[in-house]
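Trainee: Could you take one part of this model and go through it closely? I would like to see how its ends and its side chains are placed.

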Amino acid sequence: MTRLTNAPLLVADIGGTNTRIALAHVDQDQARALHVELHNLVILPTASFDTPEAVFSSYLSTTTGEKPQRAVIAAAAPVVEDNIQLVDYPWSFSGDSMKKALKMQDVQIMNDFAAIACAIPHLSDDQFFQIGGGQKVASGPAVVVGPGTGLGMAALTPLDDKWKIFSSEGGNICFAPTNRLEFEVMEIIKQQHPRVSVERLLSGQGLVALYRALAHLDKMPPASLTPEEITRKALENSDQTCTKTLDLFSALLGRFASDMALVFNATGGIYLAGGILPRIEDYFRNSGFRDSFESKGRLTYVKAIPTYQILEQQPALIGAAAWAVSPALYHEDM
């Protein structure tokens with residue numbers, strides 16, 4: 001076993017709701033498999049800090065031992081050259097500005113779901129839970145999707161002896177309803193948001209939008225519920241509209257996941273991440289997600305594509321560390 005990071009590496013995952021930060025050490029065995037150890041993990045509300053620089057300065061002030069000189073920051077945003085503008089929170093920064101602020105030798109930035117995609121080859125089988133049938137093709141492309149504050153996605157495929165990672169903002173494509181209920185829901189949401197993206201429905205605020213639309217259709221006054229309250233009431237089976245919301249959410253996620261499986265011909269599998277699914281784990285696994293995923297008309301081959309829930313709690317941090325310390329495993333133009 002070879003240690004690839006003698007000095008600690010700072011890794012972070014900045015989302016619209018929470019920012020996760022840890023120190024990482026990475027080992028590599030003779031088969032080139034990476035083993036990432038995370039230390040001093042903290043999860044902080046993003047809104048508790050005025051700037052991203054303040055988050056990291058605060059974190060570093062509390063750590064002991066050798067200070068990291070390198071950092072990899074994954075963020076919920078497209079990466080344009082060296083610049084980040086968070087989609088769901090008003091922060092912007094660059095790797096260069098962060099390097100100067102933190103007085104480090106190197107700071108790299110990447111999309112958060114690209115980081116999760118980087119982690120997939122290095123997670124063990126017991127860090128996934130398969131939902132439904134299917135068998136992955138080892139040489140096939142794979143897709144990561146996940147609803148949280150927004151709807152993230154990325155893809156990966158083996159290429160020669162490396163992995164090619166594709167960042168994507170596919171969660172922001174336009175929503176396409178397929179039945180009367182979905183058309184009615186979309187028309188209600190369009191009154192406030194003329195362009196209805198998939199993320200507008202498959203996210204934390206998407207749960208709220210779905211709930212309010214369904215309540216309107218049931219001629220019920222919607223309560224002022226948070227996403228957490230909607231899921232809790234659905235799990236308790238104490239509110240019929242909340243239950244309908246979670247059912248529709250699960251089915252729509254299944255359809256979006258299978259759409260992305262078609263886009264990338266993802267015979268290597270679909271991997272589900274994001275902050276919402278762990279909160280509804282048992283319900284979701286027994287929902288209409290997989291039936292919706294397999295409902296692709298003549299394209300019955302999607303039934304052979306497996307879908308997995310990622311059980312590892314910090315896949316973006318693991319992927320960021322793997323990408324930083326082992327560039328030989330990834331193509332640079334990801």
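**Helix α7 and its salt bridge**

Mentor: Start at the N-terminal end of α7, where Asp 239 acts as a cap: one of its side-chain oxygens is 2.9 Å from the backbone nitrogen of Thr 241. Keep in mind that this is a predicted model. The helix itself covers residues 240-264, which is 25 residues. From first C-alpha to last, α7 reaches 36 Å, close to the 36 Å expected at 1.5 Å a residue. After α7 comes Asn 265, with a positive phi near 50 degrees.

Now the side chains. Side chains of opposite charge can pair when their charged atoms come close. In α7, Lys 244 forms a salt bridge with Asp 218, at 3.1 Å from N to O. Asp 218 sits in the loop between α5 (204-217) and α6 (227-236), while Lys 244 belongs to α7, so the pair ties together parts 26 residues apart in sequence. Lys 244 has 32% relative accessibility and therefore counts as partly exposed. Asp 218 is also given 32%, so it counts as partly exposed.

For contrast, take a pair within one helix. Arg 180 and Glu 184 form a salt bridge at 3.3 Å, N to O. Both lie in helix α4 (residues 180-190), 4 residues apart, or about one turn of the helix. An α-helix has 3.6 residues a turn, so residues three or four places apart point the same way. Arg 180 counts as exposed because its relative accessibility is 66%, whereas Glu 184, at 29%, counts as partly exposed. The model's count comes to 8 salt bridges.

Note on methods. Residues numbered from 1 in each chain as written. Predicted model: local features only at pLDDT ≥ 70, side-chain atom pairs only at ≥ 80, totals over all residues. Heavy atoms only, no water. Helix = DSSP H or I, 4+ residues; strand = E, 2+ residues; numbered from the N terminus. Expected span 1.5 Å × (residues − 1). Polar contact = N/O pair within 3.5 Å; in protein donor to acceptor, adjacent residues only side chain to side chain. Salt bridge = Lys/Arg side-chain N within 4 Å of Asp/Glu carboxyl O. Buried < 20%, exposed > 50% of the residue type's maximum accessible area, 1.4 Å probe, protein only.
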